[in-house]
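This briefing is meant for a reader who is meeting the structure for the first time. Please keep the model in view while reading, and look up each residue as it is named.

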Amino acid sequence: SGQVRGLCGTFNGDQRDEFTTPEGDVEPGVAAFANAFRAAGACPALGPSIPDPCDGFPGSRERAEAACAVLMAPAFQ
């Protein structure tokens with residue numbers, strides 16, 4: 001605790017600084033935070049909205065929705 005910083009957050013108990021970039025800035029949104037860790041040229045930058053992961057894997061939506069339904073069931077509420 002208190003010694004972590006990166007894509008998984010800071011793990012210091014303060015959720016306001018979870019999106020701290022490698023430069024030490026705190027980004028307000030997911031896209032800007034993720035882009036701060038992007039290797040130049042390795043992948044396209046994220047836009048202002050987060051893409052639907054199912055769009056990149058046609059046919060997986062039903063399997064993903066079934067898995068999420070288990071987590072949304074009364075046992076986990």
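A residue is called exposed when its relative accessible area is over 50%, buried when that value is under 20%, and partly exposed in between. Arg16 has a relative accessibility of 71%, and therefore counts as exposed. The model is a predicted one, and the points below take up its aromatic rings, a buried threonine, a salt bridge, a surface patch and two further residues.

**Aromatic rings**

- Two aromatic pairs are counted in this model. In one of them, the ring centres of Phe19 and Phe33 are 4.8 Å apart and the ring planes stand at 25 degrees, which is under the 30 degrees that set the limit for stacking, so the pair is stacked.
- Because Phe19 belongs to the segment before H1 while Phe33 belongs to helix H1, this pair ties together parts that are 14 residues apart in sequence.
- The two partners are covered to unlike extents: Phe19 is partly exposed, with a relative accessibility of 29%, whereas Phe33 has a relative accessible area of 4% and is therefore buried.
- Phe33 also forms an aromatic pair with Phe37, and here the arrangement is edge-to-face, with 5.3 Å from centre to centre and 70 degrees between the planes.
- Phe37 has a relative accessibility of 30% and so counts as partly exposed. Taken together, Phe19, Phe33 and Phe37 form one aromatic cluster.

**Surroundings of Thr20**

- Thr20 is placed in the segment before helix H1, the helix that covers residues 30-36. Its relative accessibility is 8%, which is under the 20% limit, so Thr20 counts as buried.
- A polar atom of the Thr20 side chain lies 2.6 Å from the backbone oxygen of Asp17.
- When neighbours within four places in sequence are left aside, Thr20 is in contact with Arg5, Thr10, Asp25, Val26, Phe33 and Phe37. Two of these residues, Phe33 and Phe37, are also members of the aromatic cluster described above.

**Salt bridge**

- How many salt bridges does the structure hold? There is one, and it is formed by Asp14 with Arg16, whose closest N and O atoms are 3.0 Å apart.
- Asp14, with a relative accessible area of 25%, is partly exposed, while its partner Arg16 counts as exposed at 71% relative accessibility.

**Nonpolar surface patch**

- Val70, Leu71, Met72 and Phe76 make a nonpolar surface patch of about 460 Å².
- One of these residues, Val70, lies in helix H2, which runs over residues 61-71. Val70 has a relative accessible area of 49%, and because exposed requires a value over 50%, Val70 is classed as partly exposed.

**Two further residues**

- Phe11 lies in the segment before H1 and has a positive phi of about 50 degrees, although Phe11 is not a glycine. At 53% relative accessibility, Phe11 counts as exposed.
- Asp55 is found in the loop between H1 and H2, and with a relative accessibility of 57% it counts as exposed.
- Asp55 and Ala73 are separated by 18 residues in sequence, and their C-alpha atoms are 25 Å apart in space.

Terms used:
Residues numbered from 1 in each chain as written. Predicted model: local features only at pLDDT ≥ 70, side-chain atom pairs only at ≥ 80, totals over all residues. Heavy atoms only, no water. Helix = DSSP H or I, 4+ residues; strand = E, 2+ residues; numbered from the N terminus. Buried < 20%, exposed > 50% of the residue type's maximum accessible area, 1.4 Å probe, protein only. Polar contact = N/O pair within 3.5 Å; in protein donor to acceptor, adjacent residues only side chain to side chain. Contact = heavy atoms within 4.5 Å. Phe/Tyr/Trp six-rings, centres within 6.5 Å; stacked < 30°, edge-to-face > 60°. Salt bridge = Lys/Arg side-chain N within 4 Å of Asp/Glu carboxyl O. Patch = residues over 30% accessible without salt bridge, like charges linked within 9 Å, V, L, I, M, F, W, Y side chains within 5 Å. Areas by Shrake-Rupley, 256 points an atom, 1.4 Å probe, with all protein chains shown as cover.
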